[in-house]
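I sat down with this one and kept a short notebook as I went. Here are my entries, in the order I looked things up.

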Amino acid sequence: MIAMKIKYLVIALAVFSVSSIFIGVSGISLTDIFHLNEFQQQILLHSRLPRLISIIIAGASMAICGLIMQQLSRNKFVSPTTAGTMDSARLGILVSMLVFSAANPLFRAGSAFLFALLGTFLFMKILDKIKFKDAIFIPLVGIMFGNIIGSITMFFAYKNDMIQTITAWLQGDFSMILSGSYELLYISIPALFIAYLYANKFTIAGMGEDFSINLGMNHKRVVNVGLIIVAISTSVVVLTVGVIPFLGLIIPNIVSIYQGDNLRSNLPHTALLGAVFVLFCDILGRVLIYPYEIPIGLTVGVIGSGVFIYLLLRRKNYA
Amino acid sequence: MINVKNLSKKYNNKTVVNNVSLNIKKGKITSFIGPNGAGKSTLLSAVSRLIKHDVGEIMIDQKEINSWKSNELSKKVAILKQSNNLNVRLTIRELVSFGRFPYSQGNLTQEDWEKVDEALSFMELHDIENQFLDELSGGQRQRAFIAMVIAQDTEYILLDEPLNNLDMKHSVQIMKVLRRLVDELGKTVILVIHDINFASFYSDYVVALKNGEIIRQGPTNEIIEQGTLKEIYDMDIPIKQIDKCKVCVYFA
Ligand SMILES: Nc1ncnc2c1ncn2[C@@H]1O[C@H](COP(=O)(O)OP(=O)(O)OP(=O)(O)O)[C@@H](O)[C@H]1O
Ligand SMILES: [Mg+2]
């Protein structure tokens, strides 16, 4: 049964990927594929393919980041959007632009990473201190925490006349993805691979510190590795695509419902479902008001918040 | 052997374990009894390195507990806490397989899976091994945790109130399993237990704690005795001999 579901996800990914390549203002049709003119080749190589690749990497990355965070915090509603990770990454981008104005992308990524890591770490520390660990209360704290960081970002952006620049990162958008601007995303791939190697350790960490000690595992170190992976992936996604809300929240929860919390077997599902979901939303955003586009942040946000509310309502029935 | 010498533990200046010394005999079942808040869980947690003690020493096989490598110790000592409010969705089988983590770091070999199956059979969990923990009754979950500890295959097995949530049948089942672990596989079991009749029937030694101190310890027979119980619980508990066993009638 489990193998079947992987199969469906792979098929869906393939179908959506092909559709994604052939949807767009400048027409390329399936029959053209073997005799593309130069313009069509350009479109394909420099726009459509980069877009597809970045959607897949970003979708898989954000879903897996959410999964790791939920496991490590032992709370189903913690994710890069509900723990201040994305907001912190954005602050990091702003700081890098203010401090080194002509920053190269790696510099920016480094700064986004550092801030994302610090922000998430801080949130986990706050979590430790909170006595009232209601499942809903914690993401609310996280959202407030994110908003505080967001306000700081806005304050400095305003002071430095950079509101325009920084709001560009507020909402995820794949329409600006071109070859040369998205390659940073590849950094996320080794991070996800390490996540897979650590999957069992994350699962144990999710059972709590005492369980970890009993099994002879260094709980702190595993949590730190997890947070570093989350910070790397989140920061490169925010930097290249922008904020994609809810993804890290809903995808792992859906997978957990039918598949459980054993990370080793969950990770592939989560990655695939994340990619399929973003691909679907992206295609939807491109066809709904054709020839215009709805940014991905908006489509995912609308559909995602709906799913989120559904998950909240059914929470009583499981976990 | 586990040797505890002059162990003390304070929480916010309140001494909860006070100058405790004891030797746990290998290949036996030792039960910790005593009223709520006596310090039983704290003592057990210190011996299993879940908490750090303040004063004193804990030797596990002649080696101070803090000089053990954590991974090595996890093949020697297993602990199951009093309450395990896990909210992870793992199946029983998956949970039990994590008991093999100290040996396999998550990549289970054929032999590891055999140990998992063995533990599942020991606890008679094969029927429901593919059910998720969050869809089990409290007692079934408790049995799954015990199976995980058995799969860990350690010489010392420490259990804090393992009969929590269990009905009579399963309480008896678990105590019998513990007995088999000791008699057939030569394990050493230390448990905290409230029902003194279970302690009386199944354990070899009893350690009685009160207000953070050991007030009595010795072979079960010597502790399950009216005067001693009065000292421990401040209750007059008549004891009836049924066949070879002493039964404490503590209901009135
Ligand atoms: N983390 C902690 N912080 C502060 N005090 C604690 C902590 N853990 C235990 N205590 C205190 O230490 C004392 C002993 O607790 P412990 O849990 O060892 O008792 P116990 O004998 O296991 O009781 P029970 O039979 O109710 O499980 C209690 O008074 C308790 O309030
Ligand atoms: Mg206790």
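**Entry 1: a serine to begin with**

Does Ser41(B) count as buried, partly exposed or exposed, and at what relative accessibility? I looked it up: Ser41(B) has 24% relative accessibility, so it counts as partly exposed. A reminder to myself before going on: this is a predicted model.

**Entry 2: the magnesium ion**

I turned next to ligand 2, which is a magnesium ion. I found Ser41(B) coordinating the ion through OG, and Gln82(B) doing so through OE1. The coordination distances run from 1.9 to 2.3 Å. Where do the two residues sit in the chain? I placed Ser41(B) in helix α1 of chain B and Gln82(B) in the loop between β6 (77-80) and α3 (92-98), so the pair ties together parts that are 41 residues apart in sequence. I checked the cover on the second residue too: Gln82(B) has 32% relative accessibility and therefore counts as partly exposed.

**Entry 3: ligand 1**

I then listed what surrounds ligand 1 and got 14 residues. The ones that come nearest are Lys14(B), Gly37(B), Lys40(B), Ser41(B) and Thr42(B). Ser41(B), then, turns up here as well as at the magnesium ion.

I noted three polar side chains facing oxygen atoms of the ligand:

- Lys40(B) has a polar side-chain atom 2.8 Å from an oxygen atom of ligand 1.
- His194(B) has a side-chain N or O atom 2.9 Å from an oxygen atom of ligand 1.
- Gln82(B), which I had met at the magnesium ion, has a side-chain N or O atom 3.1 Å from an oxygen atom of ligand 1.

How much of ligand 1 does the protein bury? On its own the ligand exposes 630 Å², and the protein buries 65% of that. I also asked which elements give two or more residues to the shell, and they are β2 (14-24) and α1 (40-47) of chain B. Helix α1(B) gives the most, with 3 residues. Sorted by class, the shell holds 7 polar, 4 nonpolar and 3 charged residues.

**Entry 4: chain B as a whole**

Stepping back, I counted 10 helices and 12 strands in chain B. Its radius of gyration is 18 Å, close to the 18 Å that the globule rule gives for 252 residues, so chain B is as compact as a globular protein of that length. Along the principal axes, the C-alpha atoms fill a box of roughly 50 × 45 × 35 Å. I find 54% of the 252 residues counted as buried.

One residue in this chain made me stop. Asn165(B) is not a glycine, yet its phi is positive, at about 70°. I traced Asn165(B) to the loop between β7 (156-160) and α7 (168-183) of chain B. Asn165(B) has 60% relative accessibility, so it counts as exposed.

**Entry 5: chain A**

How many helices and strands does chain A have? I got 13 helices and 0 strands. For its 319 residues a compact globule would have a radius of gyration near 20 Å, and the 20 Å of chain A agrees with that. The C-alpha trace spans about 65 × 55 × 35 Å along its principal axes. Buried residues make up 55% of the chain.

I looked for a positive phi here too, and Asp161(A) has one of about 60° although it is not a glycine. Asp161(A) lies in the loop between α5 (137-159) and α6 (163-167) of chain A. At 72% relative accessibility, Asp161(A) counts as exposed.

**Entry 6: two pairs in chain A**

To finish, I set sequence separation beside distance in space for two pairs. Val15(A) and Val276(A) are 261 residues apart in sequence, and their C-alpha atoms are 9.6 Å apart. Val15(A) belongs to helix α1 (residues 2-22) of chain A, and its 47% relative accessibility makes it partly exposed.

For the other pair, Ala109(A) and His269(A), I read 160 residues in sequence and 27 Å from C-alpha to C-alpha. Ala109(A) sits in helix α4 (residues 105-129) of chain A. Is Ala109(A) buried or exposed? With 7% relative accessibility, Ala109(A) counts as buried.

Technical notes:
Residues numbered from 1 in each chain as written. Chains lettered and ligands numbered in written order. Predicted model: local features only at pLDDT ≥ 70, side-chain atom pairs only at ≥ 80, totals over all residues. Heavy atoms only, no water. Near = heavy atom within 4 Å. Polar contact = N/O pair within 3.5 Å; in protein donor to acceptor, adjacent residues only side chain to side chain. Areas by Shrake-Rupley, 256 points an atom, 1.4 Å probe, with all protein chains shown as cover. Helix = DSSP H or I, 4+ residues; strand = E, 2+ residues; numbered from the N terminus. Nonpolar A, V, L, I, M, F, W, Y, C, P; charged D, E, K, R; others polar. Donors = N, O, S within 2.8 Å, 3.2 Å for Na, K, Ca; no water. Buried < 20%, exposed > 50% of the residue type's maximum accessible area, 1.4 Å probe, protein only. Rg over C-alpha atoms; globule rule 2.2 N^0.38 Å.
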